[in-house]
Amino acid sequence: MLKPFSLLVKPASADCNLRCTYCFYLEKKELYPDLPRLRMSDATLEKMISSYMSIPMQQYSIGWQGGEPTLMGLDFFKKAVKFQQQYGRQEAMVSNGLQTNGTLIDDEWAQFLAKYNFLVGVSVDGMPEIHDHYREYGSGKGSHADVLKGIEALKRNNVEFNILTLVNNLNVSKPIEVYNYLKEKGFFFQQYIECLEFDKDGKLMPYAVRAEEWGKFLCAIFDEWYKEDTRKISIRLFDAVLNKLVNGNIVCCPMGNDCRHYFVVEHNGDIYPCDFYVQEDLKLGNLNTDSWESFANHEKYAEFGLKKQDIAPQCKECEFLFICQGDCQKNRFSKNDESGVSLICPAIKMFYKHTMPRFKKLAAEIIEEQKQQQEEHRKRMVQSMIQANNKPGRNDTCPCGSGKKFKNCCGK
């Protein structure tokens with residue numbers, strides 16, 4: 001039996017209608033130099049879905065990314081859903097996520113996404129002057145206005161969506177302005193990702209963030225959020241911290257200690273362990289000729305996944321190791337530094353020192369709220385039984401599940 005895994009699919013590979021300055025995936029076109037246009041074929045699409053859904057799992061999760069996945073056209077995604085329905089088992093669930101720049105989304109797209117419950121992520125870096133500086137078309141025209149048009153189509157059609165903000169050298173100094181801009185737009189599901197890209201010599205690119213400014217950005221966002229938005233606005237990193245503290249669950253990739261949760265599927269069926277590591281020496285095979293079992297059991301996949309546990313000595317003594325797990329491999333192993341210490345380690349420490357007491361307070365409140373909700377649910381259940389003339393005897397076990405006698409529990 002294979003452990004459950006998800007797919008991160010690049011149906012149009014690195015092809016995109018934008019030319020964002022800091023895009024790390026555009027260079028992946030070099031893996032396929034003889035193909036001017038990269039598109040997943042219907043045969044590969046069907047093979048991917050049929051073979052994936054033949055693996056016994058309760059839930060199948062497919063994230064569609066790029067490049068820009070909407071370049072495939074709506075008919076491609078209609079076929080994808082058709083294959084999911086054809087090859088899926090009746091008792092299984094399928095979740096689809098679409099990460100897009102939003103510029104090609106219209107009402108027809110949005111109606112489809114709503115009908116099949118796609119969760120959509122849209123990239124917005126903040127105010128127009130910031131967003132348009134890096135997120136532009138090949139002509140140099142900014143994309144912000146077109147992105148907002150796409151978001152309005154999503155809203156009109158009740159599509160669930162969140163906002164992904166790449167924090168770069170421009171917006172990193174404006175955390176409150178960016179946060180309030182997104183809030184005023186009604187974007188209540190947010191994700192902030194640090195832009196940490198390197199040149200061929202291993203030096204940080206000019207648009208990348210530095211550790212100290214990234215730490216200050218996160219602290220400022222948290223302070224603003226904590227004032228009055230903890231129950232109104234979802235921020236992915238903050239949700240992940242609370243999930244860990246409340247339930248012990250790991251819902252954010254860098255917080256785990258093993259990088260074997262999903263496979264990247266390139267347009268032609270090539271398989272890689274992570275979209276930050278789509279490179280020839282880490283290719284695990286091709287789904288048209290190899291099996292998911294062979295990918296999961298591949299020596300390269302095991303080495304890659306377990307490398308996450310190569311924690312630097314100073315990390316082992318850190319009070320925040322339990323939640324950061326040394327950070328993402330991408331930030332830990334650069335060309336000029338094989339120490340295993342994340343380049344943004346100072347930011348991580350700054351953030352958790354600044355926020356952890358309040359995170360723990362919030363976690364305690366959430367645990368108490370959950371207990372109250374469970375208690376209210378039990379009371380409603382018992383009340384409905386009484387109204388249906390199924391009232392238990394005084395000495396019967398209470399139907400709420402407490403294990404107590406009815407007279408000492410809900411019978412009071």
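Colleague: Which residues does Glu197 touch, not counting those up to four places away in sequence?
Modeller: This is a predicted model. Glu197 is found in the loop between β6 (189-194) and α7 (211-228). Leaving out residues up to four places away in sequence, Glu197 touches Tyr22, Phe24, Lys203, Leu204, Met205, Tyr207, Ala208 and Lys330.

Colleague: Does Glu197 count as buried or exposed?
Modeller: The cut-off for buried is under 20% relative accessible area. Glu197 has 17% relative accessibility, so Glu197 counts as buried.

Colleague: Which strands are the edge strands of the open sheet?
Modeller: Ten strands form this sheet, with mixed pairing. Their order is β7-β6-β5-β4-β3-β2-β1-β8-β9-β10. An edge strand here pairs on one side only, and that picks out β7 (234-235) and β10 (285-286).

Colleague: What stands opposite Val264 in β9?
Modeller: Strands β8 (residues 262-265) and β9 (residues 270-272) pair in the antiparallel sense, over two bridges. Opposite Val264 stands Tyr272.

Colleague: What angle does the direction of helix α1 make with that of β2?
Modeller: Helix α1 (residues 42-52) packs on the sheet. The helix touches β1 (6-9), β2 (59-64) and β8. Its direction and that of β2 make an angle of about 150°.

Colleague: Which helix gives the largest share of the largest nonpolar core?
Modeller: That core has 91 residues. Met48, Trp64, Tyr192, Trp292 and Tyr352 touch the most other members. The largest share is nine residues, from helix α14 (residues 345-387).

Colleague: How many residues are in the second, separate core?
Modeller: Its members include Ala14, Leu38, Tyr262 and Val278. The count for this second core is 14 residues.

Terms used:
Residues are numbered from 1 along each chain as its sequence is written. This is a predicted model: local features need pLDDT of at least 70, side-chain atom pairs count only at pLDDT 80 or more; totals for chains, interfaces and linings use all residues. Side-chain values use heavy atoms; hydrogens and water are left out. Two strands pair if DSSP finds at least two bridges between them. Helices (H or I, at least four residues) and strands (E, at least two) are DSSP runs, numbered from the N terminus. Contact means heavy atoms within 4.5 Å. Axes are lines fitted to C-alpha atoms, for helices over the stretch in contact, and angles run from 0 to 180 degrees between N-to-C directions. Buried means under 20% relative accessible area, exposed over 50%, partly exposed in between (1.4 Å probe, protein chains only). A nonpolar core is a set of buried Ala, Val, Leu, Ile, Met, Phe, Trp, Tyr and Cys residues joined through side-chain atoms within 4.5 Å.
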